[in-house]
Amino acid sequence: MRRSLALCMLAAVAICWGTIGTARADAATHYNISIWNPITHAYPVTGTMDLTYRNDGTVLGYYHPAGLPSFVPITGGRTGDHVWLTIGSSGVWQLNGTLRDGKIAGSAVDEQPSEDRNIDKFGAPVSLTDAAPIYSFVATP
């Protein structure tokens with residue numbers, strides 16, 4: 001009787017321990033990201049992202065611009081393979097993409113376009129301010 005009571009208590013502790021272990025936050029997935037203008041293929045923005053996908057569909061994380069020690073907050077969501085993200089606390093970039101083979105690819109909208117975005121493309125100046133503020137992006141693990 002004592003032996004079966006001890007085994008039952010041990011089993012209860014193991015079940016509780018397993019439940020506590022699964023209640024921890026999901027591990028973050030690390031991505032390298034590049035955002036560029038699909039018309040001119042210029043103005044690349046690069047960096048890394050650390051995203052955590054929650055069971056309720058919420059996506060949280062941080063964007064780290066290339067060459068800067070910054071932690072820019074990311075919020076968003078996921079339904080199936082569809083992922084949408086807002087990079088920046090004031091919503092600087094809006095990303096809308098599809099998750100396939102571990103990569104996220106889609107379109108990005110710059111909500112705070114700069115006035116000084118003139119570039120040379122094939123010898124002619126191109127104003128990214130006049131172009132549509134829609135970009136393409138890819139994030140690879």
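This report describes the fold, the main nonpolar core and the surroundings of one strand residue in a predicted model.

The chain is built from 1 helix and 10 strands, and its elements, read from the N terminus, follow the order α-β-β-β-β-β-β-β-β-β-β. Of the 141 residues in the chain, 28% are buried, while the exposed surface comes to about 9000 Å², with 60% of it supplied by carbon and sulfur atoms. Among contacts with a separation of 6 or more, 37% link residues that lie 24 or more positions apart.

The largest nonpolar core holds 21 residues, and Met49, Leu51 and Ile104 have the most contacts inside it. Several strands give two or more residues to this core, including those in the table below, and E2 gives the most, with 4 residues.

| Strand | Residues |
|---|---|
| E1 | 29-36 |
| E2 | 45-53 |
| E3 | 58-65 |
| E5 | 82-87 |
| E6 | 93-100 |
| E10 | 134-140 |

Beyond its neighbours within four places in sequence, Met49 is in contact with a set of residues that includes Tyr31, Ile33, Tyr62, Leu85 and Ala139.

Ala139 also appears in the surroundings of Lys103, a residue of strand E7, which spans residues 103-110. Lys103 counts as partly exposed because its relative accessibility is 40%, which falls between the limits of 20% for buried and 50% for exposed. Once neighbours within four places in sequence are set aside, the contacts of Lys103 are Thr98, Ala139, Thr140 and Pro141. For the pair Lys103 and Ala139, a separation of 36 residues in sequence goes with a C-alpha to C-alpha distance of 5.6 Å in space.

How values were computed:
Residues numbered from 1 in each chain as written. Predicted model: local features only at pLDDT ≥ 70, side-chain atom pairs only at ≥ 80, totals over all residues. Heavy atoms only, no water. Buried < 20%, exposed > 50% of the residue type's maximum accessible area, 1.4 Å probe, protein only. Contact = heavy atoms within 4.5 Å. Core = buried A, V, L, I, M, F, W, Y, C linked by side-chain atoms within 4.5 Å. Areas by Shrake-Rupley, 256 points an atom, 1.4 Å probe, with all protein chains shown as cover.
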